[in-house]
Amino acid sequence: MTEQMKSLEEYKASYKRSVEDPEGFWEDQAKTFHWHKPWDTVLKWNFNEPKIEWFQGGKLNITENCLDRHIASRGDQVAILWEANDPDQPSEAITYRQLLERVCQCANALKSLGIQKGDRVVLYMPMVPELAVAVLACARLGAIHSVVFAGFSAQALADRVNDASAKMIICSDFNNRGNKVIPVKAVIDEAMKKGCPSIEHILVHKNSDKDMALSDHEHWWHDTVDVQSTTCPAEVMDAEDMLFILYTSGSTGKPKGVVHTCGGYMVYTCYTFRNAFQYQDGDIYWCTADIGWITGHSYIVYGPLLAGATTMMFEGVPTYPDYGRFWQIVEKHKVNQFYTAPTAIRALMAAGDDIPAAYDLSTLKVLGSVGEPINEEAWNWYNSHIGKGKAPIIDTWWQTETGGIMITPLPGITDTKPTYASYPMPGIQTVFVDAEGNELEGNDIEGLLCIKFPWPSILRTTYGDHERCRQTYFSTFEGLYFTGDGARRDAEGRIRVIGRVDDVINVSGHRMGTAEVENAIDEHPNVIEAAVVGYPHNIKGQGIYAYVIVEPTDKSEATLTNEIRDVVNREIGPIAKPDKIQIVPGLPKTRSGKIMRRILRKIASNEMDSLGDISTLLNPEVVAEITKGALT
Ligand code: PRX
């Protein structure tokens, strides 16, 4: 197993070594895994191209490290503990031995349908154990998984399938979420109608008792997977072979496929899981994220399984059948580490203190937060009403692109301070710069957060478009990885991540590019132009505020805004639907025709008194009109 730090002295020593001798430090961690052949070089890198290779020449399969390696010592230990959407449905406990068998069966099924090393497979599934099985089955064969969150629309799914030229889709028939039964396969059908020419087969997991007919190239999971042999040799992969693609929004264009590779991702997710959560044998660990996002990849599936942990998967939502569901599950399974997003904490906090008070939460040792800044009120509530002041909060900052947790307190080891992600993990060399790229030295500063040295799970490229990767992350400041986040460092060196400084909005911990939402709105036939900004939202962190210019029409404003929401729902999915849509006569523009988003952000945030100088605008008069009709 990778190192697990136990004291402040050990953290300081590990951090120091990771900076002075990064190769030696990470090599020692890597040696704790099963490799078919050791690496030739620990690290080769430059941030200009960029080209980053960890453990180059090393041969491995990540699933042997997640599964086979544990069979002798913990074959009968529960690997995945699954809790259904319906609280009356029995939980499912899958041991390491059973999980290995199920992964092998699924891998054999994929093989029988023609999937080979390097093929791309899209997974569009609810939070059922078969999703984790399918992820690992792809990795077993060396096929590249691309999990698409099952809340995305058919159009968004088709875009992702086509960008990766995926050969196969694995889906469910239906998805149980709260009191809704969502037709998943119907979304696949619609995506296929839009055109996904690379898809050869669709594997459908039955998650309901409803009947459904499948066509020739579609196969039921129970007919195809369950009949397979329970052994399947693991494909031997190079450390730098692709493990998966995960699409995420940026400030421009369509979502990009962030690429992670086998070796470095394995080492870093296991290392950070063991240290950030201080997982001990016998603990029950629960991350409430969806596997459709990076948090689910790294800290439901890979990190915990690599560390031989018992990881919970929950199919449902925090509010069904009532606002006590999370706490009921914590009590039922005696959860020790609990990892969720600030948006969930705020929603549950608003439901009242009596609800968590009705459950036994005394098993909780560590509380995690991820995905967006956690405000002080939510931090304090989480600390006192859930952790009872005894379970340290780890506010973990990281990104799809970083693969694993980058900045976090270490529970029981480093101190915690509300709203501060605090200290970098060993191996993470943070740098603060100003807008010109000058490094800001010392403490008590605010600036743009960059990283100056590679860590093992840094993204390697964006799928099919390396130049976009270079431009987005490595060209803003020479020699640095730019996170897109603004941050401050307090007098003692703790880091607080404030939020995005680019045109990305963080809605309930989900990243949404403003350009992407604007493009979706533009699809409405009456829309001439749209500008989208974020504004503070009590529960979601940020809400989506759209300013829209429409051509003259007989339609009422209510009809138009409903239609616009429908269009966004169709193009991207419900998570991108604007919270507020204001029909405006014009948008404030500079003389060169650029939309002044700064002003729109201020109006959306109800900060009309600090709009700043608007006299240089092309159309300053429009600002007063927008302000008059503002939905704040
Ligand atoms: O702005 C930061 C915010 O979420 C962004 C990354 O989003 P995504 O790739 O979807 O990954 C989310 C889960 C790892 C970051 O650029 N963010 C994430 N965690 C935090 C955060 N902002 C403040 N504090 C955090 N703990």
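This text goes through a predicted model, starting at the ligand and moving on to helix packing and then to some backbone details in loops.

The ligand is surrounded by 17 residues, and the closest of these are Asp395, Thr400, Asp485, Arg500 and Arg511. Sorted by class, this shell consists of 6 nonpolar, 6 polar and 5 charged residues. Three secondary-structure elements each supply at least two residues of the shell: helix H10, which spans residues 294-306, strand S20, which spans 393-396, and strand S25, which spans 495-500.

Several polar contacts can be followed from the ligand to the protein. One of them involves the backbone: an N or O atom of the main chain of Gly371 is 3.2 Å from a ligand nitrogen atom. Others involve side chains. In Gln399, a side-chain N or O atom lies 2.9 Å from an oxygen atom of the ligand. In Asn506, a polar atom of the side chain is 3.4 Å from an oxygen atom of the ligand. As for cover, the ligand on its own has 540 Å² of accessible area, and the protein covers 96% of this.

Helix H10, one of the elements that supply the shell, also leads into the helix packing. Two packed helices are described by the angle between their axes and by the distance between those axes. For H3 and H10 the angle is about 55° and the axes are 8 Å apart. An angle of about 55° falls in neither the parallel, the antiparallel nor the perpendicular range, so H3 and H10 count as oblique to each other. The crossing in which H3 passes H10 is left-handed.

Helix H3, residues 62-74, also packs with helix H4, residues 96-112; here the angle is about 150° and the axes are 9 Å apart. Because angles over 145 degrees count as roughly antiparallel, H3 and H4 are described as roughly antiparallel to each other. The crossing of H3 and H4 is left-handed.

The remaining details concern the backbone in loops. The peptide bond that joins Glu49 and Pro50 is cis, with an omega of about -10°. Pro50 sits in the loop between strand S1 (41-46) and strand S2 (51-56). Another cis peptide bond runs from Tyr320 to Pro321, where omega is near 0°. Pro321 belongs to the loop between strand S17 (310-314) and helix H11 (325-333).

Ser165 is a case of backbone torsion: its phi is positive, at about 40°, although the residue is not a glycine. Ser165 is found in the loop that runs between helix H6 (154-163) and strand S8 (168-172).

Notes: Residues are numbered from 1 along each chain as its sequence is written. This is a predicted model: local features need pLDDT of at least 70, side-chain atom pairs count only at pLDDT 80 or more; totals for chains, interfaces and linings use all residues. Side-chain values use heavy atoms; hydrogens and water are left out. A residue is near a molecule or strand if one of its heavy atoms lies within 4 Å of it. A polar contact is a pair of N or O atoms within 3.5 Å; within protein, one must be able to donate a hydrogen and the other to accept it, and residues adjacent in sequence count only if both atoms are side-chain atoms. Accessible areas come from the Shrake-Rupley method with a 1.4 Å probe; for residues, only the protein chains shown count as cover. Helices (H or I, at least four residues) and strands (E, at least two) are DSSP runs, numbered from the N terminus. Ala, Val, Leu, Ile, Met, Phe, Trp, Tyr, Cys and Pro count as nonpolar, Asp, Glu, Lys and Arg as charged, and the others, Gly among them, as polar. Axes are lines fitted to C-alpha atoms, for helices over the stretch in contact, and angles run from 0 to 180 degrees between N-to-C directions. Angles under 35 degrees count as roughly parallel, over 145 as roughly antiparallel, 65 to 115 as roughly perpendicular and the rest as oblique. A crossing is left-handed if the near helix is turned anticlockwise from the far one by less than a right angle, and right-handed if clockwise.
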